[in-house]
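Some labels attached to a model deserve to be questioned before they are used. Please look at the entry shown here with that in mind.

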Amino acid sequence: MFEGCCCTDKDGANADLPPPADVDAWAEEQAVPAPIIPMMRAAAAHAAVKSESIFCEEYSVQLCIQSQAETGLQVDSSDDKVIVSKVIGGAAEAWNASCDSKLDIRPGDQIVAVEGNNIAPDTYADTMAALPAKHSVSVAFRRPHIKSLKVTKNGRKLGVATSARAGFGVVIKEITDGVISEWGKKHPQHAVKPQDRIVEVNGKTGDVYALTKLLGSSDDLEITAMSWI
């Protein structure tokens, strides 16, 4: 996981940069000379942008399928993306059994293209149904960026509005004032955003309604979210 980049501190040694929002306070604490601080701000901002862009790598596979039902992919297409919610056998399981582990299809992967055609929720089913039988299909996936948060509410609001629909993970619809936005300001390169999905809360996964209940009832929260941006 990328947290920042390295620069030379006031003693000439390598030092890990803090998130962009914390650079000035950190520099004051470390007595960094004033002329160096603007360079540190720029480096921290660059590291944050870079870390956002490198997590969501894409990969392609060849699935040998007999029909749409034999892809072995259970998907959630109820939002703005087609997300693999489970690998249930078929061609996908056969691929996972034979491929390099770095290229296996996993829950949370986004289906971005089939046979070179971009995929959206309203086109996925028709695209798969139109494929000829006994066909080797090229499917492109995007890995999610995994974000891990640890927050304590202490009577404050969590500060997230979520979707009530069932599916893969709890979809974040809006970030409002609360402990989540405060955490994000301190860790901007890993801040959760609208359209991210919360997939684990305090070690629990699976049922969306159970996860939503934990978010509301628990004071101490360890949250895992996924992002595809």
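The exchange below concerns a predicted model and asks what stands behind several of its labels.

Q: How do you know how confident the predictor was in the protein chain?
A: The mean pLDDT of the protein chain is 81, and 79% of its residues reach 70 or more. Over residues 1–15, however, the pLDDT is below 50, and this stretch has 29 contacts in the model beyond near neighbours in sequence. Residues 48–54 likewise stay under 50, with 11 contacts beyond four places in sequence.

Q: Why is strand β12 described as largely enclosed by the rest of the structure?
A: Strand β12 covers residues 197–201, and 4 of these 5 residues are buried, so the strand counts as largely enclosed by the rest of the structure.

Q: What makes β12 and strand β14 a pair of strands?
A: Pairing requires at least two bridges between two strands, and 4 bridges join β12 to β14 (residues 220–227), with the two running antiparallel; the requirement is therefore met. Within this pairing, Arg197 stands opposite Met226 of β14.

Q: How do you know that strand β11 also pairs with β12?
A: Between β11 (residues 170–175) and β12 there are 2 bridges, in an antiparallel arrangement, which satisfies the cut-off of at least two. Here Val171 has Arg197 of β12 as its bridge partner.

Q: Which strand forms a hairpin with β12?
A: The hairpin partner is β13, with 2 residues between the two strands, and Asn202 in the turn has a positive phi of about 50 degrees. The strands pair in the antiparallel sense over 2 bridges, and Val201 stands opposite Lys204 of β13.

Q: Why is the aromatic pair of Tyr59 and Phe141 called stacked?
A: The ring centres of Tyr59 and Phe141 are 5.3 Å apart and their planes differ by 15 degrees; because a pair needs centres within 6.5 Å and a stacked one needs planes under 30 degrees apart, both conditions hold. Tyr59 lies in strand β3 and Phe141 in strand β8, so the pair ties together parts that are 82 residues apart in sequence.

Q: What makes Tyr59 count as buried?
A: Its relative accessible area is 8%, and buried means under 20%, so Tyr59 qualifies. Phe141, at 0%, is buried as well.

Q: Why is Cys64 called exposed, and is Cys99 buried or exposed?
A: Cys64 has 60% relative accessibility, and exposed means over 50%, so the label applies to Cys64. Cys99, with a relative accessible area of 17%, falls under the 20% limit and is therefore buried. The structure holds 0 disulfides.

Conventions:
Residues are numbered from 1 along each chain as its sequence is written. This is a predicted model: local features need pLDDT of at least 70, side-chain atom pairs count only at pLDDT 80 or more; totals for chains, interfaces and linings use all residues. Side-chain values use heavy atoms; hydrogens and water are left out. Buried means under 20% relative accessible area, exposed over 50%, partly exposed in between (1.4 Å probe, protein chains only). pLDDT is the predictor's confidence in each residue, from 0 to 100. Contact means heavy atoms within 4.5 Å. A disulfide is a pair of cysteine sulfur atoms within 2.5 Å. Rings of Phe, Tyr and Trp (its six-membered ring) pair if their centres lie within 6.5 Å; planes under 30 degrees apart count as stacked, over 60 as edge-to-face and the rest as tilted.
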